[in-house]
Amino acid sequence: MFTHLIADFHGVAPAQLRDGALLSGLLIAAAGAAGFSAIGAPLVRHLPHDGVAALLLLDTCHMTVHTVPERELLLLDVLAPAAHDARKALDVFTRRLPAREIHGDTRARG
């Protein structure tokens, strides 16, 4: 069984949404907080529309971030074994990335 957590962060400062190093660090911190084992360093790509896409592969799961600075939007996706609490990963982003609104959903998968 897996848990699939998605969250939309609205109203995030565009400068933060363009900062690949910040987002990479948040992925690493979020993985640690939730007790995940990373397979390697985050893969970070700066996109043509000025956003960032970042992926952190974890043992049997993953975490991704996609940003759209012109809409002040960050999309977080966490797929985790059900034995781990994916909300701990969300909490890291919530504490360290100020947003006007955060909408999330968690579903059982598999």
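**A guided tour, starting from Glu-72**

Select Glu-72 first: with a relative accessibility of 30%, this residue counts as partly exposed. The model on display is a predicted one.

**Stop 1: salt bridges**

Keep Glu-72 selected and add Arg-100, its partner in a salt bridge whose closest N and O atoms lie 3.7 Å apart. Where in the chain do Arg-100 and Glu-72 sit? Arg-100 belongs to the loop between helix H3 (86-96) and strand E6 (101-109), while Glu-72 lies in the loop between strand E4 (61-68) and strand E5 (73-81). The pair thus links distant parts of the chain, 28 residues apart. Arg-100 has a relative accessibility of 58% and is therefore classed as exposed.

Next, select Arg-87 and Asp-85, whose side chains meet in a salt bridge with an N to O distance of 3.0 Å. Asp-85 has a relative accessible area of 28%, so Asp-85 is partly exposed.

Then select Arg-107 and Asp-105. Their salt bridge brings the closest N and O atoms to 2.7 Å. Arg-107 is exposed, at 54% relative accessible area, whereas Asp-105 is partly exposed, at 30%. The total for the model is 4 salt bridges. Side chains of opposite charge can pair when their charged atoms come close.

**Stop 2: the largest nonpolar core**

Which members of the largest nonpolar core touch the most other members? Select Phe-36, Met-63, Leu-74, Leu-76, Val-78 and Phe-93; these hold that position in a core of 29 residues. Colouring by secondary structure helps here: strand E1 (2-10), helix H2 (20-33), strand E3 (52-58), E4, E5 and H3 each contribute at least two residues to this core.

Centre the view on Leu-76, in strand E5. Is Leu-76 buried or exposed? Its relative accessible area is 3%, under the 20% limit, so Leu-76 is buried. When neighbours within four places in sequence are set aside, Leu-76 is in contact with Leu-5, Ile-6, Ala-7, Phe-9, Thr-64, Val-65, Leu-90 and Phe-93.

Now move to Val-78. Not counting residues up to four places away in sequence, Val-78 touches Thr-3, His-4, Leu-5, Phe-36, His-62, Met-63, Ala-86 and Ala-89.

**Stop 3: helices H2 and H3**

Display H2 and H3 together. Two packed helices are described by the angle between their axes and the distance between the axes. Here the axes of H2 and H3 come within 7 Å and cross at roughly 135 degrees. H2 is therefore oblique to H3. The crossing of H2 past H3 is right-handed.

To see the residues involved, select Leu-26, Leu-27, Ala-29, Ala-30 and Ala-33 on the H2 side. These meet Lys-88, Ala-89, Val-92, Phe-93 and Arg-96 of H3. Two of the H3 residues have appeared already: Phe-93 is in contact with Leu-76, and Ala-89 is touched by Val-78.

**Stop 4: positive phi angles in loops**

Select Asp-50, in the loop between strand E2 (43-46) and E3. The phi angle of Asp-50 is near 85 degrees, a positive value in a residue other than glycine. At 39% relative accessibility, Asp-50 counts as partly exposed.

Finish at Thr-60, in the loop between E3 and E4. Thr-60 is not a glycine, yet its phi is positive, at about 70 degrees. With a relative accessible area of 52%, Thr-60 is exposed. A distance label drawn back to Leu-76 should show 18 Å between the C-alpha atoms of these residues, which lie 16 residues apart along the chain.

Terms used
Residues are numbered from 1 along each chain as its sequence is written. This is a predicted model: local features need pLDDT of at least 70, side-chain atom pairs count only at pLDDT 80 or more; totals for chains, interfaces and linings use all residues. Side-chain values use heavy atoms; hydrogens and water are left out. Helices (H or I, at least four residues) and strands (E, at least two) are DSSP runs, numbered from the N terminus. Buried means under 20% relative accessible area, exposed over 50%, partly exposed in between (1.4 Å probe, protein chains only). A nonpolar core is a set of buried Ala, Val, Leu, Ile, Met, Phe, Trp, Tyr and Cys residues joined through side-chain atoms within 4.5 Å. Contact means heavy atoms within 4.5 Å. Axes are lines fitted to C-alpha atoms, for helices over the stretch in contact, and angles run from 0 to 180 degrees between N-to-C directions. Angles under 35 degrees count as roughly parallel, over 145 as roughly antiparallel, 65 to 115 as roughly perpendicular and the rest as oblique. A crossing is left-handed if the near helix is turned anticlockwise from the far one by less than a right angle, and right-handed if clockwise.
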